[in-house]
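Let's take a walk through this structure together, starting with the fold as a whole and ending at the nucleic acid. Keep the 3D view open as you read.

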Amino acid sequence: MLIIRDSGFCESRIGKIETKKGVVDTPFFMPIATKGSIKHISPEEIEKIGFQLVLGNTYHLWLRPGDELINRAGGLHEFMNWSGSILTDSGGFQVFSLGARAKKNFGASGVKLTEKGAEFVDHINGNRYMLTPEKSIDIQLNLGSDIIMCLDECPPYPCSYEDADKSLELTTRWAERCFKYFHKKISENKEKYKKGRPMLFCIVQGSVYENLRKKSAKQLLSINFEKLGGPKEGWDGFAVGGVAVGEPREKLYEILEWLTPLLPKEKPRYLMGLGRPEEITLAVCAGIDMFDCVIPTREGRHGRIFVWNEKFPTKTIEDLERNIQNTKEGKKIATFYNTINISNEKYKEDFHPIDENCDCYACKNYTKAYIKHLFAVNEAFAFRLVSIHNLAFYYQLMQKLKTK
RNA sequence: GGGUCGGUGGCAGAGUGGUCAAAUGCACCUGACUGUAAAUCAGGCGGCGAAAGCCUACGGGAGUUCAAAUCUCUCCCGGCCCA
């Protein structure tokens, strides 16, 4: 599946993943379409930038408009008019993010965790929902997802060793249930999946503890897959979860260092929710193939734009290594790119594109002064332009990492 | 011409003797965002100063008072009503 190439400074895993929908070249970044849309951008534009896979969310699509409705619409691809592949997150992250938010706002958790699953209170209408590992698989199958994620628990940081341990054990038990249920459903619907079934990824947890991260990975690998009714090869891919939840930045490198040697080389690895360009760079070098993050779109909407730094081009291995070293040390500044805040006063009369060398739609056709103006007057077109640019930047980043 | 109500920071608009360099909203400036309840959130926003603090300010001027955006007189300007 993956061709592993030693490019001289790190092991780069350049290859491809074949989903039931098509081919995706690795390493790659996935734009996020949580509720069935990449905010402010059409699927055609996403495809035009070069993306082959987008991410949807089980929890949000389950609540609205409902996975069965989407199924009747012909699946999520058809529903949202996306011709590429789709990975769906399991809803595990919402246990973390909505739980923390509810706790902050109401002093109590809006999410109740039990062995059975996670009980949510719908943030909009107050309805209660029980998301179990089996339910999460059902939803993702209904959505027609190409890469399905196991329901996991993503503990916040800081997290005690004991809590992280309990959490990872639960994630493993849920993963077993997901695996068993997933393969039961696949074998029950052989006809439907004869041209190809979705892939199923497990998620490694364990917070910032070396023992626990390794334990999590080992547990997930040592499952008796055949006994659970699936192929003995087990998982179709491995995700690293529970990262970038508030832990010190340098922890990321350690976690990847502990984990990647344990993961099967021929299976894709997905670092969930990351990240900044230098973090992605570092992770690719550590052997990660797949990324997703809200940063390019969300920060774009908030006025932050990513620009290549021509003064410090990462043309040599030494440049890249220096950047990686900075990232390992938790330094925020990577030298190969900059961010600008387009709503800053200094761009008021800047009649140049965001990046002269960028070939995205925004840079080809519009100036910083114009985009700043759109932000100032709250025009939605601004969000479209910066989202296109930032995603194009992330796409270019992945292309650069492939050719380094 | 008479009466009446009103004139507050870039705008709107509170405040009606001290706790007021003046609520709040908008605008403006800066920052934060990592498996998206996020076109969100936080901070700043008279001048000088690192700070303590000092100076200048609630239409203009003159008073009363220990103390005035707040009370009095007067002038200017605006809304409404009457002639």
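Among contacts in chain A between residues at least 6 apart in sequence, 69% join residues at least 24 apart. The secondary structure of this chain comes to 15 helices and 16 strands, and buried residues make up 48% of its 404 residues.

Please bear in mind that this is a predicted model. Chain A averages a pLDDT of 91, with 89% of the residues scoring at least 70. The scores for the model are ipTM 0.89 and pTM 0.92.

Now to the interior. The largest nonpolar core has 107 residues, and M30, V54, F201 and A239 are those with the most contacts inside it. Helix 15 gives the largest share of this core, 12 residues. In soluble globular proteins, nonpolar side chains tend to be buried together. M30 is a good place to zoom in: leaving aside its neighbours within four places in sequence, M30 touches L53, V54, L55, L87, M290, F291 and D292.

Why can helix 15 be called largely enclosed by the rest of the structure? Of its 24 residues, 17 are buried, so the rest of the structure largely encloses this helix. Its length also makes sense: at 1.5 Å a residue, the 24 residues (380–403) should span 34 Å, and the end C-alpha atoms are 35 Å apart, which agrees.

For a contrasting spot, look at K48, which is placed in helix 1 (residues 43–49). K48 counts as partly exposed because it has 14 C-beta neighbours inside 10 Å, where a buried residue would need 20 or more. The C-alpha atoms of K48 and C360 are separated by 9.3 Å, though their positions lie 312 residues apart along the chain.

Finally, the RNA. Which residues are closest to RNA strand B? They are H123, C154, G273, G275 and V294, out of 48 residues that surround the strand. Helix 5 supplies the largest share of this surface, 9 residues. Strand 5 (53–57), helix 5 (92–106) and helix 11 (295–301) each supply at least two residues. The make-up of the surface by class is as follows.

| Class | Surface near RNA strand B |
|---|---|
| Nonpolar | 17 residues |
| Polar | 17 residues |
| Charged | 14 residues |

Strand 5 is worth a second look: it supplies at least two residues of the surface near RNA strand B, while V54 is among the residues with the most contacts inside the largest nonpolar core.

Conventions: Residues numbered from 1 in each chain as written. Chains lettered and ligands numbered in written order. Predicted model: local features only at pLDDT ≥ 70, side-chain atom pairs only at ≥ 80, totals over all residues. Near = placed C-beta within 6 Å. Helix = DSSP H or I, 4+ residues; strand = E, 2+ residues; numbered from the N terminus. Nonpolar A, V, L, I, M, F, W, Y, C, P; charged D, E, K, R; others polar. Expected span 1.5 Å × (residues − 1). Buried ≥ 20, exposed ≤ 12 C-beta atoms within 10 Å, placed from the backbone. Core = buried A, V, L, I, M, F, W, Y, C linked by C-beta atoms within 7 Å. Contact = placed C-beta atoms within 7 Å. pLDDT = per-residue confidence, 0-100.
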